[in-house]
Structure formats: C-alpha cells, structure tokens
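Please look over the sequence and the model below before reading on. The briefing then takes up two topics, namely how one helix is packed and how charged side chains pair.

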Amino acid sequence: MRAMHDTPKTFALLTLQETADVLRVHKRTVYRLISEEKLAAVKVGGQWRVSERALLDFIDSGGEKTVQKTKTVQTKKPEEVQLPLPLS
C-alpha cells in the first residue's frame, strides 16, 4: 500500500460558474477569457472545465497569461487501423 504523501497531486476541475465565483466575475467573462486563450480550459462532455492549476497560473500572472497551445498528435485514420482477425 502506498502512503498518502506518495500519491501524485491531482487538481480539481471547476465549472465556468465555479471559476467565475472564484474570480468574482460573470460566467460569460470566464468564457471570453477561454475564447481569447488567456485562461486554459478543457471541454469535457460538451462543457468547459478549468483546472485549479490553470486558474492559479492565470491569477499568478495577473490575468495576462496567454495559453500556450499544445502540439496536436496525429493518429491513424480509422480505415488505417488493422483489427486482429477473430479466432474460430
């Protein structure tokens, strides 16, 4: 069994409303910050989420941080993937 302090730190994902409450702004302002790439966010199930880390980075930068885009990883197209043949 691993000790509690050995577990990696995970950050909560906040809704736009929760993020807006922390920043004391309107939810639309948070969405605008995401659209302008000043606040990093991910879309989960069609809804935006902001990690605690991204929010803290944004606050630490004084709201001036611009999100750095990550490189997109190319994957094979579905028709290129070869599935194993079923055993009969």
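The points that follow concern a predicted model, and they are grouped by topic.

**Helix 2 and its surroundings**

- Helix 2 runs over residues 27-35, and within this helix Val30, Leu33 and Ile34 are buried.
- These three residues lie on the same side of helix 2, because they cover an arc of only 100 degrees around the axis.
- As a general rule, an α-helix has 3.6 residues a turn, so residues three or four places apart point the same way.
- The buried residues of helix 2 pack against helix 1 (16-23), strand 3 (47-51) and helix 3 (52-60).
- After helix 2 comes Glu37, whose phi is positive, near 60 degrees.

**Salt bridges**

- Side chains of opposite charge can pair when their charged atoms come close, and this structure holds 3 salt bridges.
- Arg53 and Asp57 both belong to helix 3, where they are 4 residues apart, about one turn of the helix, and their side chains meet in a salt bridge with an N to O distance of 3.2 Å.
- Arg53 is partly exposed at 36% relative accessibility, and Asp57 is likewise partly exposed, at 26%.
- Salt bridges that share partners join Arg32, Glu36 and Lys38 into one network.
- Within this network, Arg32 is paired with Glu36, their closest N and O atoms being 3.4 Å apart, while Lys38 is paired with Glu36 at 3.9 Å between the closest N and O atoms.
- Arg32 is partly exposed, with a relative accessible area of 39%, as are Glu36 with 38% and Lys38 with 30%.

Terms used:
Residues are numbered from 1 along each chain as its sequence is written. This is a predicted model: local features need pLDDT of at least 70, side-chain atom pairs count only at pLDDT 80 or more; totals for chains, interfaces and linings use all residues. Side-chain values use heavy atoms; hydrogens and water are left out. Buried means under 20% relative accessible area, exposed over 50%, partly exposed in between (1.4 Å probe, protein chains only). Helices (H or I, at least four residues) and strands (E, at least two) are DSSP runs, numbered from the N terminus. The arc is that of the directions from the helix axis to the C-beta atoms. Contact means heavy atoms within 4.5 Å. A salt bridge is a side-chain nitrogen of Lys or Arg within 4 Å of a carboxyl oxygen of Asp or Glu.
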